[in-house]
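User: I have a structure on screen and would like to go through its packing and its sheets. Can we take it question by question?

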Amino acid sequence: MNTTDSSQLEGDIYLPAPAITANAHIQEYDNLYQRSIADPQGFWADRANELEWFKKWDQVLDDSNPPFYQWFVGGRTNIVYNAIDRHLKTWRKNKLALIWEGEPGDVRTFSYFALNREVCKFSNVLRSMGVKQGDIVTIYMPRIPEQVIAMLACAKIGASHSVVYGGFSVEALAERIQDAQSRVLITADGGWLRGKTVALKQIADEAIARQATIESVIVIKRTGQEVRMEAGRDYWYHDLMALPIANPFCCTDELDAEHPLFVLYTSGTTGRPKGILHTHGGYMVYTYTTLKYVFDIKDDDRYWCAADPGWITGHSYIVYAPLLNGATMFLYEGAPSYPYPNRWWQMVEKYGITILYTAPTAIRGLMRFGDAWAKRHDLSSLRLLGSVGEPINPEAWRWYYSVIGRERCPIMDTWWQTETGGFMISPLPITPLKPGSATRPLFGIEADVVNDQGQPVPAGEEGYLVIKKPWPGMLRTILKDPERYKTQYWSKFGNMYLAGDSARKDKDGYIWVIGRIDDVIKVSGYRLGTAEVESALVSHPAVAEAAAIGLPHDLKGHAIYTYVILRAGHEKSEKLAEELRNHVAHEMGPIAKPEQITFMDSLPKTRSGKIMRRVLKARALGMPEGDISTLEE
């Protein structure tokens, strides 16, 4: 096996077990990586040939108009054809595609045949409601099978989906509907979380009232709670699926490889969410390949990505890549520790889960309850573990490895972004591991750490994480804002993609991601813009100005701390602080609820009026404030 010689590596090294490496899809890294960098177009053409195309491409990469790169130009495909249709021609037709467990304990399963039937029926329902190629359908739902079905149904007929995480609240949903100009919204009466129902339909109604584009709302009955249904606008999913229009046969549209697949909104430093646009062809090839290699997907695997389909992790590694690989995926609706802290381990044992992929926040949260909850369960089915969303601290890594993986399961610590579409830096099952490092770039990915001049920095020195060449899964643009796309990701170094993270490389070439350079706070692995939080605070009648920063948090990775200047006539009080925290949660969703509100008489600002958040952060952490020469007197 030609991989990195662990005897040459420095630091805390964990070697993968021979039983894992012997059967891995990839048996060596160095030579294949060098080949993929020397001939990326040849490498990606070989990967694309593992999938089916209505028409093969004329050109693998069109780089004539950077940074607006196009992949598999002239090719015609549809991600749903490869995720479902092609499996129906094989023995996988009757294989389980999806196993789902609801928080109350209800279970549903779908074979590839059954999933196809539901997707076809709902595709025909959407068509009957006037949804066509080029439309963007907004989906705001709990983690239930219909969420996956809705995404696939949109893609099948050439409509794009914009999935809004079910934990986001009124303002966030309204903004995203407005930007996408969606005419159709798919939601549910509610979802289950920690034994309570979340009022999704009520939030959706309030969001619709704030914008003017939604004409039809399709509502899944999940919790049975009382909801308002507006005649002529709101329709029950089960009623529509029982009509003759919901025909179980529906042709999958043949689409250009560059046809938009989805828009997914991520926070930006300006406060206005960015609609990240991904396309059918390149994204399909990239997610298929990265899941196959990193998690070494086999036909007998039961794979569980414990994210939400409303985030990029869920799009790529719950919905699309597992189905593209013909895998059996598991989906769970509720909270990790409900009703007891062994809920996850109970399900791993019950369903024979072989691969578990989750966020450091969840690992830290479950670690807090001690080892006994996990140790009472048989977790011997697990073969590989994964981590996503933020760098995992070594203490949590070791707990995950020893208590959950029983020192048998390598941890695939993946670094990637909404913008990249799939894993960029990650170990493979054959890679010697260092707790806290995402290790090395994947095939075809030329990653580096550079200084302000774009020059590589010496080993051990912090710099900007960049990607030097285009890759198939990359975002194509920001919806309706190509200039912002160029400015945000390509303007600093011109020909290199700026990830927005700081990182360092060690002497072995392993990359250690440190965190965000810009003013985006990562809470529990979710990116929230400081400006969005500040806007939510200022929308309260008592608040004149606000600043938000992220400070380290043992459980969440980072927590939101806010600083508020009150309007005249309002008094500081604990009661008001709590009211403001709840107001942010209402406007943006519970994930954005500040840890603390501090009332201030003034905020540190530059002379041009920009709040200096780094100064607030330095003061909060008791660190040097750095250059404050631009600070207002």
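User: Which residues does isoleucine 186 touch, not counting residues up to four places away in sequence?

Analyst: This is a predicted model. Ile186 belongs to the largest nonpolar core, and is among the members that touch the most others there. Leaving out residues up to four places away in sequence, the residues in contact with isoleucine 186 are Phe122, Leu126, Val137, Thr138, Ile139, Tyr140, Met141, Ala150, Ile218 and Ile220.

User: How many residues does the second, separate core have?

Analyst: In soluble globular proteins, nonpolar side chains tend to be buried together. The largest core here has 123 residues. The second is separate from it and includes Val227, Leu528, Leu576 and Phe599. Its count is 44 residues.

User: Is arginine 35 buried or exposed?

Analyst: Arginine 35 is part of helix α2, residues 30-38. Its relative accessible area is 53%. The cut-off for exposed is over 50%, so arginine 35 is exposed.

User: At roughly what angle do the axes of helix α6 and helix α11 cross?

Analyst: Helix α6 covers residues 145-156 and helix α11 residues 312-324, and their axes come within 11 Å. The crossing of α6 with α11 is right-handed. Val148, Met151, Leu152 and Ala155 of α6 meet His315, Val319, Tyr320 and Leu323 of α11. The axes cross at roughly 60°.

User: By class, how many nonpolar, polar and charged residues are in the contact of α6 with α11?

Analyst: From α11, the contact includes His315, and histidine falls in the polar class because it is not among the residues that count as nonpolar or charged. The tally for the contact of α6 with α11 is 7 nonpolar, 1 polar and no charged residues.

User: Which strands stand at the edges of the open sheet β21-β22-β24-β25?

Analyst: The 4 strands of this sheet pair in antiparallel fashion, and the twist averages 45° from one strand to the next. An edge strand has a single partner, so one side of it is left without a neighbour in the sheet. The edge strands are β21 (447-450) and β25 (511-516).

User: In β25, which residue is the bridge partner of aspartate 501?

Analyst: Strand β24, residues 497-505, runs antiparallel to β25, and 5 bridges join them. The bridge partner of aspartate 501 in β25 is arginine 516.

User: Which residues cover the two faces of strand β18?

Analyst: β18 pairs in the parallel sense with β16 over 3 bridges and with β19 over 4 bridges. In a regular strand the side chains alternate between the two faces of the sheet. In β18 the buried residues are Ile355 and Tyr357 on one side, and on the other Leu356 and Thr358.

Note on methods: Residues numbered from 1 in each chain as written. Predicted model: local features only at pLDDT ≥ 70, side-chain atom pairs only at ≥ 80, totals over all residues. Heavy atoms only, no water. Core = buried A, V, L, I, M, F, W, Y, C linked by side-chain atoms within 4.5 Å. Buried < 20%, exposed > 50% of the residue type's maximum accessible area, 1.4 Å probe, protein only. Contact = heavy atoms within 4.5 Å. Axes fitted to C-alpha atoms, helices over the stretch in contact; angles between N-to-C directions. Left-handed = near helix turned anticlockwise from the far one by under 90°. Pairing = 2+ DSSP bridges.
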